[in-house]
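Please take a moment to look over the sequence and the structure shown below, and keep both in view while you read. The paragraphs after them are meant to be followed residue by residue.

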Amino acid sequence: MRIFVYPGSFDPVTNGHLDIIDRASRICDKLVVAVLVNRSKTPVFSMEERISFLEEILAGRPNIQVLPFSGLLVDFMREQKATTVIKGLRAVSDFEYEFQMALLNKNLNPEIETLFMMTSINYSYLSSSAVRELACYGGNIRDLVPEAIVDRIYSKFKAR
Ligand code: ADP
């Protein structure tokens, strides 16, 4: 059984993430979408919100599981019996950080592979921070995130 882990903060999940999730889930037996708990910056959406967005959108996809994760990725991978980390790459700017993380993880556990998946051209400009920025100022996010969560994203910023 080939288990892949796709880690991220998903603050909030975007169509760019979903594209990677779709494509990654087709090349493994099970994909664990791992939602980061401890990040240096405080997320706008709580862990519960980020997980429930993903679960709702990915409902009915039996080979995809959404789980919270904190601590070292290599430990989480071991717990999940996962072999491969999936990462999306948008631009050169993603590369340096991801390159470092991949090598660090390789050093911690040589058995773990990091697989990079190139963004689809339509999503190359898309990030969670862009969605947050747009939503905060009432910009249009309808083509950037799944329809089901659009209103909840706007409400979050209205409430703040
Ligand atoms: P963001 O960088 O948008 O805040 P995350 O930290 O949640 O998102 O990213 C999780 C993973 O998803 C990372 O590997 C990141 O490179 C990838 N990713 C994010 N947005 C896209 C996109 N539009 N296309 C491809 N990969 C993406």
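What follows is a walk through the ligand site, one loop, one helix, the salt bridges and the nonpolar core.

This is a predicted model, in which local features need pLDDT of at least 70 and side-chain atom pairs count only at pLDDT 80 or more, while totals for chains, interfaces and linings use all residues. Residues are numbered from 1 along each chain as its sequence is written, and side-chain values use heavy atoms, with hydrogens and water left out.

Let us begin with the ligand. Which residues are the closest to the ligand? The ligand is surrounded by 18 residues, and the closest are Y6, G88, R90, Y123 and S128; a residue is counted here if one of its heavy atoms lies within 4 Å of the molecule. By type, this shell divides into six nonpolar, eight polar and four charged residues, where Ala, Val, Leu, Ile, Met, Phe, Trp, Tyr, Cys and Pro count as nonpolar, Asp, Glu, Lys and Arg as charged, and the others, Gly among them, as polar.

Some polar contacts (pairs of N or O atoms within 3.5 Å; within protein, one must be able to donate a hydrogen and the other to accept it, and residues adjacent in sequence count only if both atoms are side-chain atoms) can be traced atom by atom. An oxygen atom of the ligand lies 2.9 Å from a backbone N or O atom of F10, and an oxygen atom of the ligand is also 2.9 Å from an N or O atom in the side chain of R90. A polar backbone atom of L126, in turn, is 3.0 Å from a nitrogen atom of the ligand. Of the 530 Å² of accessible area that the ligand has on its own, the protein covers 90%, with areas taken from the Shrake-Rupley method with a 1.4 Å probe and, for residues, only the protein chains shown counting as cover. Two or more residues of the shell come from each of β1 (3–8), α1 (15–25), β4 (84–89) and α4 (92–108); helices (H or I, at least four residues) and strands (E, at least two) are DSSP runs, numbered from the N terminus.

F10 leads us into the loop between β1 and α1, where this residue is found. Its phi is near 50°, a positive value in a residue other than glycine, and F10 is buried, with a relative accessible area of 1%; buried means under 20% relative accessible area, exposed over 50%, and partly exposed in between (1.4 Å probe, protein chains only). P12 has its place in the loop between β1 and α1 too, and the peptide bond from D11 to P12 is cis, with omega near 0°.

D11 also takes part in a salt bridge, a side-chain nitrogen of Lys or Arg within 4 Å of a carboxyl oxygen of Asp or Glu. Its partner is R132, at 3.5 Å from N to O. Because D11 lies in the loop between β1 and α1 and R132 in helix α5 (residues 128–136), the pair ties together parts that are 121 residues apart in sequence. Both D11 and R132 are buried.

Turn now to α1 itself. At its N-terminal end T14 acts as a cap, with a side-chain oxygen 3.1 Å from the backbone nitrogen of G16. Nine of the eleven residues of α1 are buried, so this helix is largely enclosed by the rest of the structure; among them are N15, H17 and I20.

Two salt bridges involve this helix. R23 pairs with D19, their closest N and O atoms being 2.9 Å apart, and these residues, four apart in helix α1, are separated by about one helical turn. Is each of them buried, or partly exposed? R23 counts as partly exposed at 23% relative accessibility, whereas D19 is buried at 13%. D22 meets R61 in another salt bridge (2.5 Å, N to O). Since D22 lies in helix α1 and R61 in the loop between α2 (47–57) and β3 (64–69), the pair ties together parts that are 39 residues apart in sequence. The structure holds eleven salt bridges.

Finally, consider the interior. The largest nonpolar core has 34 residues, and those with the most contacts inside it are I21, L31, V33, L54 and I153; such a core is a set of buried Ala, Val, Leu, Ile, Met, Phe, Trp, Tyr and Cys residues joined through side-chain atoms within 4.5 Å. At least two residues each are supplied by β1, α1, β2 (30–36), α2, β3, α5 and α6 (147–159), and the largest share, five residues, comes from α6.
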